[in-house]
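Student: Hi! Could you walk me through this one? I'm still new to reading structures.
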Amino acid sequence: MTHAEDDSGDVRVVTALNRNSSLPLTQRSYGLGSTYAESRVTAYWRKDVQGCPALELEVGYQKTTVHIASELKDSPCAYDHVHAHEMNHLAIYRKWLEESPERLGAVFKERFAMLTALDAPQRGQETVRLALQEFGKVRAQHDQFDSEEEYAANQAVCERFIPKMLDRLEKEGKLP
Ligand SMILES: [Zn+2]
């Protein structure tokens, strides 16, 4: 799983990214960092050698990008801290992806008879819908990681650079 990094957008840009995505914010209301990953599902129903239906399913992420607000470049300490936080989100995605064959295998084993009873176009649609639904459950793990404790820690590091920076940006009218 490869990713791109982008620290060209300011807090306004990163906040908009977070609010438009299903991903949680590093800081509650403003985006200092954001990790974007788009789910990709490929489903292919074929017949095995005995003529029985068999499902080939592939899931992954695309357009994976870590965004860090450009204002954080004023403090290497705070930048590294937010970056490490986003790397943790990336690690959550990576682990989820590794576990996916097993998780999805169990889900589809349970629904195999129901799916094979559908006609081909419907079966394809339902397969993709179920796979995306199950694959998307990683969201709960991101939410769990973005805990009150994690938030408080982010406020406290680097001589409170982050809350001071947000105060300054607010006074300058540079917050969204
Ligand atoms: Zn976070």
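Tutor: Happy to! One term to start with: two strands pair if DSSP finds at least two bridges between them. Keep in mind too that this is a predicted model.

Student: Okay, so how do strand 2 and strand 3 pair, and over how many bridges?
Tutor: Strand 2, residues 33–47, pairs with strand 3 in the antiparallel sense, over 14 bridges. Within that pairing, Ala43 stands opposite Leu57 of strand 3.

Student: And what sits between the strands in that hairpin?
Tutor: The hairpin of strand 2 and strand 3 has 5 residues between the strands, and Gly51 there takes a positive phi near 85°.

Student: What holds paired strands together in general?
Tutor: Strands of a sheet pair through backbone hydrogen bonds, and they can be parallel or antiparallel.

Student: Now the whole sheet. What order do the strands come in?
Tutor: The order is 1-3-2, in an open sheet of 3 strands with mixed pairing.

Student: Which strands stand at the edges?
Tutor: Strand 1 (4–6) and strand 2 do. Each has a single partner strand, so one side of each is left without a neighbour in the sheet. From one strand to the next, the twist averages 20°.

Student: How does strand 1 run relative to strand 3, parallel or antiparallel?
Tutor: Strand 1 and strand 3 run parallel, joined by 3 bridges. For example, Glu5 has Val66 in strand 3 as its bridge partner.

Student: Switching to helices: what does helix 2 lie across?
Tutor: Helix 2, residues 76–116, lies across strand 2 and strand 3, and runs at about 165° to strand 3. Helix 3, residues 120–135, also lies across strand 2 and strand 3. The angle quoted for helix 3 is to strand 2, about 145°.

Student: Back to phi. What about Lys63?
Tutor: Lys63 is not a glycine, yet its phi is positive, about 55°. You'll find Lys63 in strand 3, which spans residues 53–68.

Student: Is Lys63 buried or exposed?
Tutor: Exposed. The cut-off for exposed is 12 or fewer other C-beta atoms within 10 Å, and Lys63 counts as exposed because it has 10 C-beta neighbours inside 10 Å.

Student: And what is the phi of Glu159?
Tutor: Glu159 has a phi near 50°, again a positive value in a residue other than glycine. Glu159 lies in helix 5, residues 148–171.

Student: Why does Glu159 count as exposed?
Tutor: Because Glu159 has 10 C-beta neighbours inside 10 Å, Glu159 counts as exposed.

Terms used:
Residues numbered from 1 in each chain as written. Predicted model: local features only at pLDDT ≥ 70, side-chain atom pairs only at ≥ 80, totals over all residues. Helix = DSSP H or I, 4+ residues; strand = E, 2+ residues; numbered from the N terminus. Buried ≥ 20, exposed ≤ 12 C-beta atoms within 10 Å, placed from the backbone. Axes fitted to C-alpha atoms, helices over the stretch in contact; angles between N-to-C directions. Contact = placed C-beta atoms within 7 Å.
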